[in-house]
Amino acid sequence: MIKTRAYAARSSTSALAPFELERRDPGAEDVQIEILHCGVCHSDLHTARGEWQNTIYPCVPGHEIVGRVVAVGNGVRRFKPGDLAGVGCMIDSCGHCDSCHEGEEQYCENGFTGTYNGPVFGGENTFGGYSRTIVVKESFVLHIRHDEKDLARVAPLLCAGITTYSPLRHWGAGPGRTVGIVGLGGLGHMGVKIAHALGAHVVLFTTSPGKIADGERLGADSVCISTSPQQMAAHANQLDFILNTVAAPHDLDAYLRLLKRDGTMALVGAPAEPHPPSNVFNLIFKRRRIAGSLIGGIRETQEMLDFCADHGILSDIETIPIAYINSAYERMLKGDVKYRFVIDMASL
Ligand SMILES: [Zn+2]
Ligand SMILES: [Zn+2]
């Protein structure tokens, strides 16, 4: 077994604190990665604090993992020591259901194994990226082709990047299409960058006039202040697709009215309480759809990483030492981060 330092929550009410855990020795199919950086996702906070009522303690969060391969099993073909590698939200799935066969492991009908808090779907607890080393099955490890100096800024692509890339691709964001991105946080800022790079006309919706300049810098063609009925009305029936990243209950009708006939709004934010019910007439009259989307499969995650490397897409981050994690959580709750915290694991 490999001993590694980590940070864990021991209960829903305790702050994250130093912890030691053991990783398995790499088996034939396994890759051992020295973790260099780990992004801080809202799911980490929800899980550490037991807000989804499914947390097994101790809980070591972190599923935006980047680092360097230090050892591989003798059956591993695609990685060798020294390679840069990433691990996202999943480390395993059943491998034999229809979704797994189609490369959509995130929808595994038997439940994928989360990088941390894995027993949601059964099995042993899993410990995530707030640690120095991790051992993962080769088929769930991603190649990173970005320049090594940008590695910290690559980490959030493993969750925030794929969560936005997958629906943008699935619903055809690209040249000649007008795409709305709702919310400019960790997810939204990646959504704006990726939709822009895909060639779509991008309209950012935000409640904050203070984010207009940032929205434009990140790639939005226009920014709409969503609290202004006049500005919202100007976009009525204009959008082919909306990626809604807001994780707080809000009026979905305000956005449904902006979709063209046959347009779709995909929800990727996960509010603790349901959204207020939307008016069915907004769907019926233009055959509009409300949809959802969960991260992306391993093949698509690799495609996203390669796309981002080719287009110079990185997350906008604030790097922190691990000891700052509890303060970082408090700042995330206030929306005080542009746009992702990333932990420098050398600090652990
Ligand atoms: Zn996440
Ligand atoms: Zn499966």
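A disulfide is a pair of cysteine sulfur atoms within 2.5 Å. Keep that in mind, because several cysteines come up today, and by that cut-off the structure holds zero disulfides. One more point before we start: this is a predicted model.

So what are the cysteines doing in this model? Let's go to the metals.

Start with the zinc ion, ligand 2. Which residues donate to the zinc ion (ligand 2)? Cys94, Cys97, Cys100 and Cys108, each through its SG atom. They lie 2.3 to 2.4 Å from the metal. Look along the chain and you can read the spacing as C-x2-C-x2-C-x7-C. Now the geometry. The four donor atoms subtend angles of 103 to 118° around this zinc ion, and therefore the arrangement is tetrahedral. For that label, all angles must lie between 85 and 135 degrees.

How about exposure? Cysteine 97 and cysteine 100 are both buried. Cysteine 108 is buried too, with a relative accessible area of 8%.

Next, the zinc ion that is ligand 1. The protein donors here are Cys41 through SG, His63 through NE2 and Cys159 through SG. Their distances to the metal run from 2.0 to 2.2 Å. In sequence, the spacing reads C-x21-H-x95-C. Where do histidine 63 and cysteine 159 sit? Histidine 63 is in the loop between α1, residues 42–48, and β4, residues 65–72. Cysteine 159 is in the loop between α3, residues 151–154, and α4, residues 160–170. The pair therefore ties together parts that are 96 residues apart in sequence. Are these two buried or exposed? Histidine 63 and cysteine 159 are both buried. For cysteine 159 the relative accessible area is 7%.

Let's move on to empty space. Rolling a probe the size of a water molecule over the atoms shows where such space is left.

First, the enclosed kind. How many cavities of 30 Å³ or more are there? The count comes to one. The largest cavity has a volume of about 80 Å³. Its lining includes Gly88, Cys89 and Met90. Phe140, Leu142, Leu158 and Ile162 are also among the lining residues. So are Ile295, Gly296, Ile298 and Thr301. By class, that lining has eight nonpolar residues, three polar and no charged ones.

Now the open kind. I'll take the second largest pocket. About 360 Å³ of space lies in it. Its lining has 16 residues. Which of them lie nearest the centre of the second largest pocket? Arg24, Ile91, Asn125, Thr126 and Val135. Three strands each supply at least two lining residues: β2 at 17–23, β6 at 90–92 and β8 at 133–137. The largest share comes from β8, with four residues. By class, this pocket lining has six nonpolar, four polar and six charged residues. Set that beside the cavity, where the lining has no charged residues.

On to the backbone. Two peptide bonds deserve a look.

The bond from tyrosine 57 to proline 58 is cis, with omega near 0°. Proline 58 lies in the loop between α1 and β4. Histidine 63, the zinc donor, is in the loop between α1 and β4 as well.

The bond from lysine 338 to tyrosine 339 is also cis, with omega near -10°. Tyrosine 339 is in the loop between α11, residues 325–333, and β17, residues 340–344.

Then there are two positive phi angles. Asparagine 117 is not a glycine, yet its phi is positive, about 55°. You'll find asparagine 117 in the loop between β7, residues 113–114, and β8. Asparagine 117 is buried, with a relative accessible area of 5%.

Isoleucine 295 is not a glycine either, and its phi is about 25°. Isoleucine 295 lies in the loop between β15, residues 289–292, and α10, residues 298–311. Its relative accessible area is 8%, so isoleucine 295 counts as buried. We met isoleucine 295 a moment ago, as one of the residues lining the largest cavity.

Last stop: threonine 113, in strand β7. Is threonine 113 buried, partly exposed or exposed? Partly exposed, with a relative accessible area of 22%. Threonine 113 and glutamate 124 are 11 residues apart in sequence. In space, C-alpha to C-alpha, they are 9.4 Å apart.

To close, go back to the cysteines. There are zero disulfides, while Cys94, Cys97, Cys100 and Cys108 are donors to the zinc ion (ligand 2), and Cys41 and Cys159 are donors to the zinc ion (ligand 1).

Note on methods:
Residues numbered from 1 in each chain as written. Chains lettered and ligands numbered in written order. Predicted model: local features only at pLDDT ≥ 70, side-chain atom pairs only at ≥ 80, totals over all residues. Heavy atoms only, no water. 1 Å grid on protein atoms, 1.4 Å probe; cavity = no way out; pocket = protein on both sides within 12 Å on 5 of 7 lines; lining within 4 Å. Points joined across faces, edges and corners; volume = space filled by probe spheres on them. Nonpolar A, V, L, I, M, F, W, Y, C, P; charged D, E, K, R; others polar. Donors = N, O, S within 2.8 Å, 3.2 Å for Na, K, Ca; no water. Tetrahedral: all angles 85-135°; square planar, octahedral: opposite > 155°, others 65-115°. Buried < 20%, exposed > 50% of the residue type's maximum accessible area, 1.4 Å probe, protein only.
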